Amino acid sequence: MAMAKTSKNGARSRGPSWDPSPVEVDKLHLDPLNPRLAEYGLNENAAQPQILQVLWKEMAVDEIALSISANGYFPFEPLFAEKRDGKLWVIEGNRRLAAVKVLRDEKLRDVVRAHDLPRLTQGERSKLDVLPVIECSRGDLWRYLGFKHVNGPQNWESYAKAEYIAWVHNELGKPLEEIAQTIGDKHSTVTRLYNGVQTLAQAEKNKVFEREDRWKNHFSFSHLYTGLGYDGIREFLGLKDADLEKKEPVPKAHIKELGELCLWLFGSKSKEAVPVVQSQNPDLRQLDEAIKSTRGLSAIRSGLPLRVALDISRGDDRRFRESLVEAKEKLQLARGTLLTGYQGEPDLLNIAKEAKVLLDAIVAEMHEHKGGSSKASRPARR
């Protein structure tokens with residue numbers, strides 16, 4: 001989601017005074033360009049009731065409303081607003097504004113179904129008729145917002161952080177390194193977030209992915225920006241180190257693969273496709289490993305479960321080695337716990353006998369395979 005355009009230097013010809021002024025609540029508007037709203041499918045055309053509903057449902061505005069109803073609005077917490085198209089749009093403080101609007105307006109209580117909120121007296125309501133507001137531009141405020149919400153005391157989710165970083169870099173022209181220094185974060189982290197949100201934007205622009213069509217309500221953006229740092233996924237998308245800071249990082253020849261990756265990460269309701277990656281650990285690493293091989297990639301594309309595709313990608317030689325090593329470790333554990341864990345149960349003894357038969361057969365066949373004796377080797381003397 002693109003935020004409001006501002007001059008490249010991020011400042012007006014005349015800077016803000018930073019002194020708050022009282023502004024009537026009815027003249028203040030919730031900001032559709034809030035980076036947090038994009039995760040819930042809202043854009044710059046979102047109506048005020050839509051924004052209010054998302055804020056109330058997803059961002060704990062009810063807690064703020066309860067606090068304000070009990071304590072009033074603290075005057076030392078001004079809102080920051082930008083004048084655009086003749087209106088004041090709140091850049092910072094949307095949750096507080098939403099809380100005040102709902103407390104003051106019975107109709108808005110119905111919109112968000114906040115019927116259990118305390119009713120204010122006329123005197124309490126009149127104290128919320130105006131709020132302290134500092135008028136400024138987004139460019140004036142980018143450093144403050146970045147420190148506070150990207151790596152500060154009131155952290156946004158990763159997608160909102162990435163949207164904010166992309167706006168500052170793309171619209172204000174600030175280098176990613178400067179953004180990282182300003183918000184107190186690592187350059188590598190800022191670059192990963194930027195790379196992730198630009199890759200996502202590229203997928204949506206090329207219509208190989210629709211965020212609203214994802215399988216789960218929760219948008220697991222971290223799957224994407226984390227996966228873009230893995231060798232197998234980078235090779236699959238044709239990504240190079242030099243592409244990380246590009247607005248369109250994925251080469252055009254790999255747009256189809258980008259759509260496939262988004263399907264595996266996020267699924268699709270319209271295609272009735274469940275995400276291959278259910279959890280970042282260990283599924284994302286396993287997907288990365290599976291698609292490194294032609295066999296594993298074909299298995300994923302054919303719809304086989306991730307675990308099966310991973311086994312196919314590893315090949316029988318590796319699977320055989322890993323199975324033997326794992327079996328040895330389990331047997332060592334069983335022997336170490338025999339005295340305290342075995343109480344003479346017949347079924348456990350039968351399992352051990354069956355395991356011995358299998359092990360003897362494996363050893364015999366291994367000897368035959370390498371041209372040795374078919375007779376199982378005798379146990380070593382102690």
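This report describes a predicted model, taking up its sheet, a helix that lies across that sheet, and selected residues.

## The sheet

Five strands make up an open sheet in the order β1-β5-β3-β4-β2, and the pairing within this sheet is mixed. Its edges are formed by β1 (21-24) and β2 (28-29), each of which pairs on one side only.

Between β1 and strand β5 (residues 130-135) the pairing is antiparallel and extends over 4 bridges. Within this part of the model, Pro22 stands opposite Pro132, the latter belonging to β5.

## Glu82 in strand β3

Strand β3 covers residues 79-84 and includes Glu82. This residue has a relative accessible area of 8%, and because buried means under 20%, Glu82 is classed as buried.

The side chain of Glu82 takes part in polar contacts with two arginine side chains: one contact, of 3.2 Å, joins Glu82 to Arg84, and another, also of 3.2 Å, joins Glu82 to Arg138.

## Helix α6 and its packing

Helix α6, which comprises residues 138-150, lies across β3 and β4 (87-92), and runs at about 30 degrees to β4.

Two packed helices are described by the angle between their axes and the distance between the axes. For α6 and helix α8 (residues 176-183), the angle is about 65 degrees and the axes are 8 Å apart, while the crossing in which α6 passes α8 is right-handed. On the α6 side, the residues that meet α8 are Trp142, Arg143, Gly146, Phe147 and Val150, and their counterparts in α8 are Glu178, Ile179, Thr182 and Ile183.

## Arg143

Arg143 is placed in helix α6, and with a relative accessibility of 41% Arg143 counts as partly exposed, because that class lies between the limits of 20% and 50%. When residues up to four places away in sequence are left out, Arg143 touches Tyr164, Lys174, Glu178 and Thr182. With Glu178, the side chain of Arg143 also forms a polar contact of 3.3 Å.

Set against these contacts, Thr294 is 151 residues from Arg143 in sequence, and the C-alpha atoms of Arg143 and Thr294 are 46 Å apart in space.

## Helix α17

Helix α17 has 24 residues (346-369), and at 1.5 Å a residue this helix should span 34 Å. The C-alpha atoms at its ends are 35 Å apart, which agrees with the expected span. Following α17 is Gly371, a residue whose phi is positive, near 85 degrees.

Key
Residues numbered from 1 in each chain as written. Predicted model: local features only at pLDDT ≥ 70, side-chain atom pairs only at ≥ 80, totals over all residues. Heavy atoms only, no water. Helix = DSSP H or I, 4+ residues; strand = E, 2+ residues; numbered from the N terminus. Buried < 20%, exposed > 50% of the residue type's maximum accessible area, 1.4 Å probe, protein only. Polar contact = N/O pair within 3.5 Å; in protein donor to acceptor, adjacent residues only side chain to side chain. Expected span 1.5 Å × (residues − 1). Pairing = 2+ DSSP bridges. Contact = heavy atoms within 4.5 Å. Axes fitted to C-alpha atoms, helices over the stretch in contact; angles between N-to-C directions. Left-handed = near helix turned anticlockwise from the far one by under 90°.
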